[in-house]
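User: I'm new to reading protein structures and would like a close look at one part of this one. Could you walk me through it slowly, in plain words?

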Amino acid sequence: MRVGHLPGRRKVAPSVISEFLDPSPAALAAQWKSVLAREEVPKGSRQVPFAPSEVVLSLCASLLVDHRRFGSSSAHRAGMPVQHFASLFKRRPTSFIAKMANLDGTRSHGGRHEVEVASLMLSDSVLMQDVYLRILRSARSHGIDEHALPDFLELENGETLWLAGQEELVQSEIERSLEQSLEKWSSERNDIPIATTQRLLTSRVRIGQHRFAAGVLSNHEHRCVF
C-alpha cells in the first residue's frame, strides 16, 4: 500500500503516549518476548492487556479493515491482518475488532490515551509509517516472519504510506461531515478534547474514502476499468 496526503511529522508527544509514538528498541523487544511467551486464553477468561505495539498495529490495520462491518459473531470473517493478529497474539478476532472501535472513539472502553494516540497517528502518515516499521523490524529480529505477521501496509520494501482516493474528496464535504459528527460527539463523547476529536473525525472521513478506493482498485486488479 502506498499512502500520502497527510501532514508532515509532528513533535512526538511526551510521557505515556511516547510508548506508542516513539517506542525504544528495548521496549519493543520486551513486548515481543512477552507476546511469544503467551499461551491461549480459555474462552471467558480475562485476557492480558494490549501491549502498545498491538494497539498501534490494530490502528494500522484499520486502514484496511472497517470494524463496523463485523460483530462478535462475524469477526472471524474480518480480512487480513485480523486473523494473523489473532493467531500471533493469542487473542480472539473480536478483540481486535473491539480495539479498532476503541481507537476511533466509537466505544468508550479503550485504554487511557488510546484515542489521543489514534488521532495523532492517523493525521500524520510519516509518524505512522515510522512506528509501523519499527514494530515490524523488531518482530523480524525475534523470528516473526511474514507468514506470522505480514507486511500488510506493504512498506518494508521502501514504499511510502499514502491514502488512496484522497483527490476525490472535496474539502467542503469533509467540513460538512466534520460539523455533523462534532455535534453528535459533543453530547456523547465530551471526555475527548475538541482538537483530538477534530483530528480523529477528519481522519475517519479520509480513511473511509481510502478503503473504498482501495477496494475498487483491488476488484479491478489495479487496472483501468475502461
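Does S138 count as buried or exposed, going by its relative accessibility? And once that's clear, please show me the core around it.

Analyst: Sure! One thing up front: this is a predicted model. Now to your residue. S138 sits in helix α7. Its relative accessibility is 9%, and the cut-off for buried is under 20%, so S138 counts as buried. Who does it touch? Skipping residues up to four places away in sequence, S138 touches L28, A29 and W32.

Hang on to W32, since it leads us into the core. The largest nonpolar core has 46 residues, and W32 is among those that touch the most other members, along with L57, M121, Y132 and L149. Several helices give two or more residues to this core: α1 (18-21), α2 (25-36), α3 (52-61), α4 (82-89), α5 (93-103), α6 (114-122) and α7 (125-141). The helix where S138 sits, α7, provides the largest share of the core, with 8 residues.

Let's look at two of those well-connected members. L149 touches W32 and L57, and its other partners are F85, L88, L136, A139, R140 and I144, again not counting residues up to four places away in sequence. So you can go from S138 to W32, and then from W32 to L149.

M121 is the other one to find on your screen. M121 lies in helix α6 and is buried, with a relative accessible area of 0%. Leaving aside neighbours within four places in sequence, M121 is in contact with L21, V56, L59, L127, M128 and V131. Here's a nice example of how folding brings parts together: M121 and F20 are 101 residues apart along the chain, but their C-alpha atoms are separated by 9.5 Å.

What about the helix that holds M121? In α6, 8 of the 9 residues are buried, so this helix is largely enclosed by the rest of the structure. Those buried residues are E114, V115, V117, A118, S119, L120, M121 and L122.

You can also see how α6 meets α5. The axes of these two helices come within 8 Å and cross at roughly 75 degrees. Angles from 65 to 115 degrees count as roughly perpendicular, so that is how α5 and α6 are placed relative to each other. On the α5 side, the contact is made by K99, N102 and L103, while α6 brings E114, V115 and A118. Sorted by type, the residues of this contact are 3 nonpolar, 1 polar and 2 charged.

Next, find α3. In this helix 10 of the 10 residues are buried, so α3 too is largely enclosed by the rest of the structure. The list runs P52, S53, E54, V55, V56, L57, S58, L59, C60 and A61. You've met some of these already: V56 and L59 are in contact with M121, and L57 touches L149. The buried residues of α3 pack against α1, α2, α4, α5, α6 and α7.

Now zoom out. The protein chain has 9 helices and 0 strands. Of its 226 residues, 46% are buried. Among contacts between residues at least 6 apart in sequence, 71% join residues at least 24 apart. The chain's accessible surface comes to about 12000 Å², and 52% of that belongs to carbon and sulfur atoms.

Definitions and conventions: Residues are numbered from 1 along each chain as its sequence is written. This is a predicted model: local features need pLDDT of at least 70, side-chain atom pairs count only at pLDDT 80 or more; totals for chains, interfaces and linings use all residues. Side-chain values use heavy atoms; hydrogens and water are left out. A nonpolar core is a set of buried Ala, Val, Leu, Ile, Met, Phe, Trp, Tyr and Cys residues joined through side-chain atoms within 4.5 Å. Buried means under 20% relative accessible area, exposed over 50%, partly exposed in between (1.4 Å probe, protein chains only). Helices (H or I, at least four residues) and strands (E, at least two) are DSSP runs, numbered from the N terminus. Contact means heavy atoms within 4.5 Å. Axes are lines fitted to C-alpha atoms, for helices over the stretch in contact, and angles run from 0 to 180 degrees between N-to-C directions. Angles under 35 degrees count as roughly parallel, over 145 as roughly antiparallel, 65 to 115 as roughly perpendicular and the rest as oblique. Ala, Val, Leu, Ile, Met, Phe, Trp, Tyr, Cys and Pro count as nonpolar, Asp, Glu, Lys and Arg as charged, and the others, Gly among them, as polar. Accessible areas come from the Shrake-Rupley method with a 1.4 Å probe; for residues, only the protein chains shown count as cover.
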